[in-house]
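Colleague: Got a minute to walk me through this one? I'd like to go through it question by question.

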Amino acid sequence: DTMLMTFNHSLLSCNKSSLYWGGVSLGDSRPLKLVIRNTFPYEVPLRVSLRDPLSAFQLHGLPDQDVIIHPEEQLPLHVVFAPLVAKVFVNALDIYDQMHSKKFKIPLCGYGGTSNVELVNVPKSSGGHLLDLGQVSTGSRSVSKISLHNSGHGTAFVKVLCYPVGESSSPLPPSQVAVSPTEFILPPQAAKELLVIFTGEPKPSATPGSPLAQLVFFTGDEIVRGRFVRAVSGGLQP
């Protein structure tokens, strides 16, 4: 159970101080719920409304903005986020205590458009994707190309690291496996070609056809990374 938050020492309380949806795909909708509780020993008339009624947020489940909440009653409120544009949306749910002339605000935030980064033309194997480097021998240099495609409606950030097979603590140095570029932004419906250069030595115990290294792709929505960087650079705690 979530600890109840008391509104400015009022006897109305809510189990949420804000609602955050994160990313929602364009054309989709996602509901979130909060609960208002009346601990007054009498009925309290409330007016519940969205500060901007024309935004991507919708208030569901209330036949009217004006409601009466009885003593010890819990009033569930359902807010639906349904973005049609790829951007950040900010709004607020206003709860007005008409008896005591007090207004309380629940901030709402979400963004429309999520990224979806996929490897293109790299065969899948039981453990993921398998990039064939051809014949590799000591002192040889193998160059391959791979392509990433963002099929989503939001911009993606991508970071690529290479690790020894079965390990994820220390990346291999570029002198053994180099990837170019290693970090970049990928707009919606765009593709990016990467070079993979292998100059390491295969292990003597490695069997023919066994993996030599593993590429790990870290991807996510650029809008989140950008807000995190700005928050940290501004001295705020992430």
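Colleague: Which residues in the largest nonpolar core touch the most other members?

Modeller: Keep in mind that this is a predicted model. The largest nonpolar core has 26 residues, and the elements giving two or more residues to this core include β4 (30-38), β5 (44-50), β9 (88-97) and β10 (102-112). There is also a second, separate core of 15 residues, with Val-158 and Phe-184 among them. Back in the largest core, the residues touching the most other members are Ile-36, Leu-46, Leu-93 and Leu-108.

Colleague: Okay, take Leu-93. Which residues does Leu-93 touch, leaving out those up to four places away in sequence?

Modeller: As a backdrop, nonpolar side chains tend to be buried together in soluble globular proteins. Leu-93 is one of the core members that touch the most others. With the residues up to four places away set aside, Leu-93 touches Leu-34, Val-48, Ser-49, Leu-50, Leu-59, Leu-77, Val-79, Phe-104, Lys-105, Ile-106 and Leu-108.

Colleague: Leu-59 is in that list. Is Leu-59 buried or partly exposed?

Modeller: Leu-59 sits in strand β6 (residues 57-60). Its contacts beyond four places in sequence are Val-48, Leu-50, Leu-77, His-78, Val-79 and Leu-93. Buried would need a relative accessible area under 20%, and Leu-59 has 23%, so the label is partly exposed.

Colleague: And how many Å apart are Leu-59 and Val-80 in space, C-alpha to C-alpha?

Modeller: Along the sequence, 21 residues separate Leu-59 and Val-80. For the chain, take the contacts between residues at least 6 apart in sequence: 68% of them join residues at least 24 apart. For Leu-59 and Val-80, the C-alpha to C-alpha separation is 6.4 Å.

Colleague: Let's do aromatics. Why is the pair of Trp-21 and Phe-57 called tilted?

Modeller: The structure holds 5 aromatic pairs. For Trp-21 and Phe-57, the ring centres are 5.2 Å apart. Stacked needs planes under 30 degrees apart and edge-to-face needs over 60; the planes here are at 55°, so the pair is tilted.

Colleague: Which strands hold Trp-21 and Phe-57?

Modeller: Trp-21 counts as buried at 5% relative accessibility, and Phe-57 is buried too, at 1%. Their pair ties together parts that are 36 residues apart in sequence, because Trp-21 lies in strand β3 and Phe-57 in strand β6.

Colleague: What kind of pair do Phe-57 and Phe-81 make?

Modeller: Phe-81 is buried, with a relative accessible area of 0%. The pair joins strand β6, home of Phe-57, to strand β8, home of Phe-81, so parts 24 residues apart in sequence are tied together. The ring centres are 4.8 Å apart and the planes are at 25°, so this pair is stacked.

Colleague: Which residues do the ring pairs link into a cluster?

Modeller: Phe-57 pairs with Phe-81 as well as with Trp-21. The linked cluster consists of Trp-21, Phe-57, Phe-81 and Phe-89.

Colleague: Now β7. Which residues are on the covered face of β7?

Modeller: In a regular strand, side chains alternate between the two faces of the sheet. In β7, the uncovered face has Asp-66 and Ile-68. β7 pairs with β5 in the antiparallel sense over 4 bridges, and Ile-69 is the bridge partner of Val-44. The covered face has Val-67 and Ile-69.

Colleague: What about the open sheet of 4 strands: which are its edge strands?

Modeller: The sheet runs in the order β11-β14-β18-β16, with antiparallel pairing. Neighbouring strands are turned by 30° against each other on average, ignoring direction. An edge strand pairs on one side only, and here the edge strands are β11 (117-120) and β16 (177-180).

Colleague: Which residue in β18 stands opposite Val-177?

Modeller: β16 is antiparallel to strand β18 (residues 191-198), and 4 bridges join them. Opposite Val-177 in β18 stands Phe-198.

Colleague: Last one on cysteines. How many disulfides does the structure hold?

Modeller: Cys-14 is buried, with a relative accessible area of 0%. Cys-109 counts as buried as well, at 17% relative accessibility. A disulfide would need a pair of cysteine sulfur atoms within 2.5 Å, and the number of disulfides in the structure is 0.

Terms used. Residues numbered from 1 in each chain as written. Predicted model: local features only at pLDDT ≥ 70, side-chain atom pairs only at ≥ 80, totals over all residues. Heavy atoms only, no water. Buried < 20%, exposed > 50% of the residue type's maximum accessible area, 1.4 Å probe, protein only. Pairing = 2+ DSSP bridges. Axes fitted to C-alpha atoms, helices over the stretch in contact; angles between N-to-C directions. Contact = heavy atoms within 4.5 Å. Core = buried A, V, L, I, M, F, W, Y, C linked by side-chain atoms within 4.5 Å. Phe/Tyr/Trp six-rings, centres within 6.5 Å; stacked < 30°, edge-to-face > 60°.
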